[in-house]
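Colleague: Please take me through this model, and say what each term rests on.

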Amino acid sequence: MKTRTAFVATLVVAAAMAVTGCGHVMMMMHGKNVARPAAIEFGTGPRASASREFTATLQPDQPLRPRRMHTVRVAITDAAGIPIDNATIQVDGGMPQHGHGLPTRPRVTGALGNGLYEIEGVRFNMGGWWEFKLAINAASGSDVVTFNLAL
Amino acid sequence: MTTNKLLLALALVLVMTMVSAAAPRGDRWTTEEVGLLSSLSLRELGPVPADPTNRVADDPRAAELGRKLFFDTRLSANGQVSCATCHIPEKEFQDGAPLAKGVGVTNRRTMPVAGMAHSPFLFWDGRKDSLWAQALGPLESPVEHGGSREQYATAIAAHYRSDYEAVFGTMPPRSTRDAATAVFVNMGKAIAAYERTIDYAPSRFDRYADVLQDTGRAPEGVLSADEVAGLRLFIGKASCTNCHNGPLFTNNEFHNTGVPARAGLPADSGRLAGADAVLRDEFNCRSRWSDRRSKCAELDFLVTGDHVLERAFKVPSLRNVADRAPYMHAGQFTTLSAVIDHYNRAPEAPAGHSELEPLRLNAQERRQIEAFLRSLSGDTRQ
């Protein structure tokens with residue numbers, strides 16, 4: 001009796017491992033054991049910066065698609081919603097699960113006023129989870145906002 | 001006893017459910033997978049993008065002139081080399097040789113022509129940023145066509161004056177190097193107009209992906225079970241779509257995949273040198289020979305001088321890949337199975353850093369991926 005119960009238990013555990021183990025192997029395959037953020041963390045914003053200094057919203061010229069060169073406007077406000085002008089912004093990003101950065105060097109090419117800036121040269125060269133980071137330096141302070149984008 | 005029997009029955013049901021979930025899923029694809037497969041379909045490609053640097057890019061008369069130039073061996077130092085010497089139409093516009101042979105031998109493998117108008121950078125190192133600028137490189141390379149722009153301008157005046165003038169206007173008097181260059185550049189723009197008409201026809205994979213997307217069901221008899229299993233590995237465990245994505249199965253970028261150096265060739269830094277070269281190129285988008293010199297976004301936002309570019313080479317399309325061995329930038333691998341074996345083992349790069357990691361594919365999985373790659377063959381159209 002005890003043997004049979006043990007056998008049943010072993011079967012259940014083995015079956016469970018067969019299923020959950022599969023997902024684990026897929027994670028290992030990419031070598032970078034970085035968990036993809038929850039769905040609610042994705043999108044073009046509004047998104048708060050790391051220390052909640054700023055809120056930024058991305059406005060792509062067209063829906064973001066792999067292999068296409070995009071121009072992306074970003075609207076930046078302080079925590080109270082007041083537009084931030086005269087900021088300098090460094091653009092960075094990449095795919096945390098693949099360990100590579102952006103395939104181009106996008107940069108701010110125009111300050112349009114009312115907290116709006118234009119970033120040109122934005123390209124993503126495959127589908128999946130991308131980080132798009134803006135290091136914002138304004139009179140009121142500095143902070144980084146990180147967007148998670150699903151291409 | 002009864003409880004135990006019930007427990008046993010439940011466990012067996014659970015095991016069977018889980019085993020069937022882990023078993024090969026054949027032609028059953030999730031919604032997300034169907035979306036990924038359709039993103040690889042040729043019908044997603046769209047028309048050839050405009051080339052604002054070439055005002056005759058879509059002029060049929062320019063394309064016809066370009067076609068004639070493409071096959072003309074008079075445009076070489078020894079009268080025996082044309083573009084088609086290495087870009088052979090019957091062979092996917094390539095030559096099947098590890099290193100291209102013109103009047104001499106180059107250090108790289110001939111690239112196919114179909115679909116190249118969709119690529120922002122040309123050559124294995126991307127040292128050119130338009131089809132027309134690319135076409136001019138081999139004409140003056142001492143080991144390819146081996147001639148000079150002055151020689152070619154003379155040949156155009158002698159053999160193509162009326163065709164040329166119908167497209168580009170009166171030929172300039174050939175008294176200066178600039179005048180010869182102007183004719184030379186227009187030759188490149190005509191050849192580019194021709195090359196823009198060369199594209200891929202759908203493969204069995206495309207039929208499979210299109211029917212799957214349109215009907216929600218995979219068609220029967222289009223792909224074999226091994227090909228479908230290979231496709232599943234291609235988009236999954238083997239991570240091929242990290243680079244070979246989109247309808248041309250390339251992200252048009254440059255990657256170091258640890259491809260071994262070919263014995264006897266000088267060190268090749270690939271994109272690291274290519275990115276610098278395209279910025280300096282006499283015929284790039286910003287040059288005075290370009291028909292638009294501003295807003296050259298590919299150059300304006302170019303990555304240069306980064307260690308990841310060391311020995312990175314262009315990701316080639318995988319369309320018709322089974323029909324054009326040998327593989328890699330200097331024909332290092334003679335078979336598809338050797339290529340797949342390389343990606344599976346992920347050896348260290350001879351210089352720079354390989355982006356690969358071992359895939360741990362077994363022999364059956366490697367065969368299945370190769371079977372899938374063979375389903376990507378269709379015609380090349382012109």
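Modeller: The model is predicted. Chain A has one helix and nine strands, and along the sequence the helix precedes the strands in the pattern α-β-β-β-β-β-β-β-β-β.

Colleague: What makes E2 and E3 of chain A a pair of strands?

Modeller: A pair needs at least two bridges. Strand E2 (residues 54-60) of chain A and strand E3 (residues 70-78) of chain A have seven bridges between them, in the antiparallel sense, so they qualify as paired. Within this pairing, A:Thr57 stands opposite A:Ala75.

Colleague: How do you know that E3 and E7 of chain A are paired?

Modeller: By the same cut-off of at least two bridges: E3(A) and strand E7 (residues 116-122) of chain A share five bridges and are antiparallel, so they pair as well. A:Val74 faces A:Tyr117 of E7(A) there.

Colleague: Why is the largest nonpolar core said to lie between two domains of chain B?

Modeller: The core has 86 residues, and B:Phe184, B:Met187, B:Ala190, B:Ile191 and B:Ala193 touch the most other members. Helix H8 (residues 177-195) of chain B gives the largest share, 10 residues. Domain 1 (26-44 + 201-266 + 310-381) and domain 2 (60-195) of chain B both contribute residues, so the core lies between them.

Colleague: What is B:Phe184 in contact with, neighbours within four places in sequence aside?

Modeller: B:Leu136, B:Arg149, B:Tyr152 and B:Ala153. Contact means C-beta atoms within 7 Å, so each of these four residues meets that limit with B:Phe184.

Colleague: Which residues belong to the other core?

Modeller: That core lies apart and has 21 residues, including A:Ala56, A:Val91, A:Tyr117 and A:Phe147.

Definitions and conventions
Residues are numbered from 1 along each chain as its sequence is written. Chains are lettered from A and ligands numbered from 1 in the order in which they are written. This is a predicted model: local features need pLDDT of at least 70, side-chain atom pairs count only at pLDDT 80 or more; totals for chains, interfaces and linings use all residues. Helices (H or I, at least four residues) and strands (E, at least two) are DSSP runs, numbered from the N terminus. A nonpolar core is a set of buried Ala, Val, Leu, Ile, Met, Phe, Trp, Tyr and Cys residues joined through C-beta atoms within 7 Å. A residue is buried if 20 or more other C-beta atoms lie within 10 Å of its own, exposed if 12 or fewer, and partly exposed in between; C-beta atoms are placed from the backbone. Domain bounds come from an automatic or database domain assignment. Two residues are in contact if their C-beta atoms, placed from the backbone, lie within 7 Å.
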